[in-house]
Every structure is written in structure tokens, then in C-alpha cells.
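Trainee: I've got a model open and a list of labels I don't quite trust. Can we go through them one at a time?

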Amino acid sequence: MDLKFENITISGGVATGKNTLKDNLRPYLEPLGWKFTSGGQILRDFTKEYVQPVASLADDDFHRKLDQRTLDLLTKEKNYVIEAWLAGFVARELPNTLRVLLICHDDALRIDRVANRDKISVDDAKKYIKEREEDNFKEWKRLYGDYNFWDPQYFHLVVDTYSSDQTKSTQQVLDLLGYKAP
């Protein structure tokens with residue numbers, strides 16, 4: 001099948017549906033030889049190779065090497081779906097990578113998703129989302145500069161998972177990819 005892009009990145013914040021979209025693309029693309037990974041998996045693979053502390057405690061060089069690993073996958077390999085907060089930003093200059101940004105305009109829905117997924121209280125979910133996103137953006141800006149890492153200009157498709165259900169979101173990506181059911 002002749003597709004319009006060689007790779008796909010899925011980016012977004014906490015509880016926007018990144019893993020869900022990645023998993024929903026799998027039955028369509030895996031039979032075509034596509035591989036699937038996440039920023040978390042790349043981090044785990046990388047730390048095995050470079051024995052480093054947890055990412056939040058790692059030095060700047062570690063973060064840059066990790067992002068370079070993502071970029072290397074996208075430039076040296078084909079047929080990868082990579083789900084990671086910064087994957088789309090890292091791939092922003094790669095025309096053959098379909099870059100998808102997931103957002104959710106309803107914070108209550110994101111909080112509910114985290115509370116249910118992680119089996120924590122609503123208050124703890126609110127705190128978790130706020131702290132994780134603020135800490136990440138602060139670290140990224142320190143490392144890479146004053147970017148809006150999820151600026152829509154870096155992406156081919158922006159999906160609000162509040163107003164677009166899983167089926168519709170998956171279909172939007174497949175349509176933009178040029179996927180035709182066999």
C-alpha cells in the first residue's frame with residue numbers, strides 16, 4: 001500500500017489519548033509491517049543501554065541523547081508510530097513523518113481519565129496533571145528554548161479528544177496517512 005507518510009508521531013499532554021490512538025492504529029498498520037513504540041519505551045530501552053537515573057533526574061546530555069534516539073528512529077527507519085510528548089516537536093522538520101497532536105479542551109475529562117486510569121482521587125489527579133505538565137514544560141524550555149512545543153504549526157493534524165471519539169480520531173489519522181482498507 002502506497003501511504004503518504006513513512007512514520008507517525010503522536011504527541012500531547014497527560015490523558016489526551018496518545019496511547020489509545022497508538023493502540024487503535026495498531027490493527028490497521030501492524031499487518032503492513034508498522035512498529036509501535038512510546039517515549040516511555042524508548043526511555044526504558046535507552047536507560048538499559050546507558051544506565052542513567054530516572055529521566056526526571058537525568059542530566060541535559062541524557063535528555064538530548066534520548067531525543068536524538070527518537071529522531072534517529074524517524075530518519076533511519078520507516079513504518080514507526082511513536083507516541084511521546086515531544087515526538088512531534090522533535091520531528092517538526094521531517095516532511096515524511098505524519099505529526100499528530102492530541103489535545104483535550106475539557107480539563108475535567110482529563111482529570112477523570114487520570115483518576116480512573118491510575119486509581120487515584122480527583123484531587124490527586126488534578127495535582128498530578130498540573131505538576132507533571134508544568135515541570136515538563138519548564139525543563140523543555142530550559143533545554144531547548146522558549147518554544148510552544150505543541151504549537152499547531154508543527155503538526156499535520158490536531159485532534160481534540162473531547163469532541164472527537166476514538167473511532168473518529170483513528171479514522172482522521174488513517175485518512176491523512178492515505179490508508180485504504182484492503
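Trainee: Why is Lys 119 called exposed?
Mentor: Keep in mind that this is a predicted model. Lys 119 has a relative accessible area of 73%, and exposed means over 50%, so Lys 119 earns the label. You'll find Lys 119 in the loop between helix 5 and helix 6. Its phi is near 55°, a positive value in a residue other than glycine.

Trainee: And what makes Asn 79 partly exposed?
Mentor: The relative accessible area of Asn 79 is 24%. Buried needs under 20% and exposed needs over 50%, so Asn 79 falls in between and is partly exposed. Asn 79 also has a positive phi, near 65°, and sits in the loop between helix 3 and strand 3 (80-83).

Trainee: Which residues does Trp 34 touch?
Mentor: Leaving out residues up to four places away in sequence, the partners of Trp 34 include Asn 79, Tyr 80 and Val 81, along with Ile 8, Leu 29 and Leu 177. A contact here means heavy atoms within 4.5 Å.

Trainee: What makes Trp 34 stand out in the largest nonpolar core?
Mentor: That core has 19 residues, and Trp 34 is among those that touch the most other members, as are Ile 8, Leu 25, Leu 29, Val 100, Val 173 and Leu 177. Strand 1 (7-12), helix 1 (18-29), strand 4 (97-103), strand 5 (157-160) and helix 7 (166-177) each give at least two residues to this core. Another core, of 17 residues, lies apart from it and includes Ala 15, Ala 125, Trp 140 and Tyr 154.

Trainee: Which residues of helix 6 are buried?
Mentor: Ala 125, Ile 129, Glu 133, Asn 136, Trp 140 and Leu 143. In general, an α-helix has 3.6 residues a turn, so residues three or four places apart point the same way. Helix 3 (60-76) and helix 5 (107-118) are included in what covers the buried residues of helix 6.

Trainee: How do you know that the span of helix 6 is close to the expected one?
Mentor: Helix 6 (residues 122-144) has 23 residues and reaches 33 Å from its first C-alpha to its last, and 33 Å is what 1.5 Å a residue predicts. Just after helix 6, Gly 145 takes a positive phi of about 110°.

Trainee: Last one: how do you know that the radius of gyration agrees with a compact globule?
Mentor: A compact globule of 182 residues would come out near 16 Å, and the protein has 16 Å, so the two agree. Buried residues make up 43% of the protein.

Conventions:
Residues are numbered from 1 along each chain as its sequence is written. This is a predicted model: local features need pLDDT of at least 70, side-chain atom pairs count only at pLDDT 80 or more; totals for chains, interfaces and linings use all residues. Side-chain values use heavy atoms; hydrogens and water are left out. A nonpolar core is a set of buried Ala, Val, Leu, Ile, Met, Phe, Trp, Tyr and Cys residues joined through side-chain atoms within 4.5 Å. Buried means under 20% relative accessible area, exposed over 50%, partly exposed in between (1.4 Å probe, protein chains only). Helices (H or I, at least four residues) and strands (E, at least two) are DSSP runs, numbered from the N terminus. The expected span of a helix is 1.5 Å times one less than its number of residues. The radius of gyration is taken over C-alpha atoms; the globule rule is 2.2 Å times the number of residues to the power 0.38.
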